[in-house]
Amino acid sequence: MSENPLDNEPILVAEGVSRRFGGLVAVNTVDFTIPERAIVSLIGPNGAGKTTFFNVLLGVIDPTAGSVVFRGRRMIARPERVGFESLLWVLPAVLLGLLSGLLAEAGIVSGRLVALLGFLTLMLLVGSLLLAIIRPVWYSTALERIGIFRSARPNDMVTAGVGRTFQNIRLFQNMTAIENVLVGMHTQLHGNLLEAFLQTPRVKAEEKAAERRADDLLTLVGLHGKGNEGARNLPYGDQRRLEIARALAANPKLLLLDEPAAGMNPKETLDLVALISKLRDDLGLTILLIEHDMKVVMGISDRVTVLDHGEKIAEGTPEQVRKDPRVIEAYLGAPAA
Amino acid sequence: MSAAAASPTSFASRRKRLAEVSSRHRSWSIVVGIAIVGTVLPILAAIPPFTLATPTNAWMDGFTNAGVFVLLAIGLNLVVGVAGLLDLGYAAFFAIGAYTYSYVASPFGNSILGIKFVEVVSPDIAGLVFWPMLLVGALVAALFGILLGAPTLRLRGDYLAIVTLGFGEIVPIVFLNADAVTNGTNGVGGLARPALPIIGSFSALNPWPYYVSMLVVVAVVMMLAYRLVESRLGRAWEAIREDELAAAASGINTVTAKLLAFALGASTAGIAGVFNASKLVTVSPDQFTFIVSFTVLAMVVLGGMGNFWGVAVGAFVIYTINNVLLKVLNQFFDQVSFPILKDIDFIQLQFLLYGLALVAMMLWRPEGLFPNSRRQRELHTAMTEPGEDELVTAEATSEEGQR
């Protein structure tokens, strides 16, 4: 390609991300940006903190410092004043309950009105609990305005446009391939409880369209005609591809692949590299890759970042990184002084 | 599996075709299925071997009671079998449904609400309230399902089971001790029986109206349950049961989805509670002990987790054995005065038999009598390839440990 994807606007910006587990600093103030439509890789020796960093980006674990901004919105940071939020859930109900209790004691209200107030208290409690669980966007924004912040959870990141695969395949083993993809499409479908009960034409059409799209996705990753096979019966390489198809089903803008070539034979690896390039070139996806297989990393990455002991020790094009003495030292040990 | 492989006859293929047709026309197949069962049962109850010990009407009454447990099993199957949430306090929602009906349909309940309804109108009119109350009972039970589920559904497996167990104990005890609003140990009596415009109020002597309404309720609940499980929400529940982290990574809000399953399961128990209360015409705390929760769970496991027809059959079989067959056995051995056996009270042995049946099931057919195909795959692969599955579990725990 003539233009350099690294010059594109960043889709994700991680600033000063740290995560410690007790005394261990797994990730130490890492700055990391991913330009749109780029393929960037994160490498490092075992225990360098790659997966921890990955899990922070995905909302699986909270960072102890720093923040992650995805498409202009702060999604992930250290939680702030979360305790107050739980107070907010119960406070209105408790206040109303106390108030109605006092009113009843004082004899201002009685009989049916007390029952009504009690019912309202209960509904208020249920309502605020539901709100806290469903967490619509307006609710989070309102909380943020008063200084309460909670990181996005994994499913929020998917809704925002981040897809992922797992280091050790985590398919829904007892479902068929196509069902796996349909589950991945969850955020794209909107059939609700009532529509499911009534089987409205809209929800039927939606399901039909979803199945067609799932078929297309399976074809895209090279699993054409294997839709009705059980996920656990697929060969290893196909399972990895199915995981990618499932991630794609949510229409992500950014795809995070955690060691996608792990355990693959050279032929499967080659196919995978072709698939990743296709995802970027044809679907316009941005891709972050964690990988041990240097053939994969050096072959397709626009940029490579190296982590060691939780710190970023090098960043640049594959050629630059390959020659970097600190990288060589991290992988092979320091030369004898 | 082996049976199908050993006799690849037209029977197997016909069965497969039947399964295909029924999954394509799900709702119709449920209506037809329930209609067939609903016709066969009265016929059985009216022919000789069955009429000897028990008259037909008593059988019909028993079938209707069994229907209450079929409803409960369908609801619990949604929670345990489909979404994989172990709920040991399911009877609590059954109780909440029953008490909800008692407030509207009994003189005592009316006095608590501060209304005069049952005393004023005739039973033929008062009983009409039963039909909307089925829905109201479902809603109230769902509300309490949400109240219990919201703080606890972040818990995993065993912890959730313990919390629900606690809730299942708390609810009857509250109904027992809150004398002022529940009439304590005595319970609430004198509930209005259901009524329909032309036939008027149902009566204790005629089991048929109850029986037919039960069939209709079971058919509707089963139809809705199937529609739900085959929708996007049902897929989300299955995904959560298989792998919660992967489900979240697929964009499913796992807490909301689990809460929904929990609330819907509770609402089914609410419906069963309203029906049961209207049939017994009285509710009291001792109807909702842990034994009920346990029995329904046993029905779900025995029938085949995840398969609504399976758990319905499981519920029917267990209920009939418990409440009819054991009695008949007692009578039979008394009559023929068989040496040792005539001194045994089979009803007292109920839980021993239960235990034996469950142990036997778990050893030989862990997926239940009529398993969900997916469950069967899961259990049988787990048995043939233990190595692989242990590995998956170990990885799952290590990744979950990071959370």
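How many Å should the 15 residues of helix α18 (residues 350–364) of chain B span at 1.5 Å a residue, and how far apart are its end C-alpha atoms? The expected span is 21 Å, and the end C-alpha atoms are 21 Å apart, which agrees. This is a predicted model. Among the 15 residues of α18(B), the count of buried residues is zero, so by the cut-off of 20 or more other C-beta atoms within 10 Å the helix is hardly covered.

**The side of chain B that touches chain A**

Chain B places 35 residues in contact with 39 residues of chain A. On the chain B side, six helices each supply at least two residues: α9 (130–152), α12 (208–229), α13 (232–242), α14 (244–249), α15 (254–280) and α19 (373–384). The largest share, seven residues, comes from α13(B). By residue class, this side of chain B has 16 nonpolar, eight polar and 11 charged residues.

Helix α13(B) is mostly covered, with 11 of its 11 residues buried. Among these buried residues are Arg232(B), Arg235(B), Trp237(B), Glu238(B), Arg241(B) and Glu242(B). Within chain B, the buried residues of α13(B) pack against α5 (56–82), α12, α14 and α15. In chain A, they pack against α6 (177–184) and α7 (193–198).

**Met185(A)**

The loop between α6 and α7 of chain A holds Met185(A). Met185(A) has 24 other C-beta atoms within 10 Å and is therefore buried. Neighbours within four places in sequence aside, its contacts are Ala210(A), Ala214(A), Ala249(A) and Ala250(A). Leu95(A) lies 90 residues from Met185(A) along the chain, and their C-alpha atoms are separated by 42 Å.

**A helix pair in chain A**

In chain A, helix α2 (residues 82–106) packs with helix α3 (residues 112–134) at an angle of about 175 degrees, and their axes are 8 Å apart. Angles over 145 degrees count as roughly antiparallel, and α2(A) and α3(A) are therefore roughly antiparallel to each other. The α2(A) side of the contact includes Trp89(A), Val90(A), Pro92(A) and Leu96(A), while the α3(A) side includes Leu117(A), Leu120(A), Leu124(A) and Leu125(A). Nonpolar residues number 13 in this contact, polar residues five, and there are no charged ones.

The residue classes of the two contact regions are set out below.

| Region | Nonpolar | Polar | Charged |
|---|---|---|---|
| Side of chain B that touches chain A | 16 residues | eight residues | 11 residues |
| Contact of α2(A) with α3(A) | 13 residues | five residues | no residues |

How values were computed:
Residues are numbered from 1 along each chain as its sequence is written. Chains are lettered from A and ligands numbered from 1 in the order in which they are written. This is a predicted model: local features need pLDDT of at least 70, side-chain atom pairs count only at pLDDT 80 or more; totals for chains, interfaces and linings use all residues. Two residues are in contact if their C-beta atoms, placed from the backbone, lie within 7 Å. Helices (H or I, at least four residues) and strands (E, at least two) are DSSP runs, numbered from the N terminus. Ala, Val, Leu, Ile, Met, Phe, Trp, Tyr, Cys and Pro count as nonpolar, Asp, Glu, Lys and Arg as charged, and the others, Gly among them, as polar. A residue is buried if 20 or more other C-beta atoms lie within 10 Å of its own, exposed if 12 or fewer, and partly exposed in between; C-beta atoms are placed from the backbone. Axes are lines fitted to C-alpha atoms, for helices over the stretch in contact, and angles run from 0 to 180 degrees between N-to-C directions. Angles under 35 degrees count as roughly parallel, over 145 as roughly antiparallel, 65 to 115 as roughly perpendicular and the rest as oblique. The expected span of a helix is 1.5 Å times one less than its number of residues.
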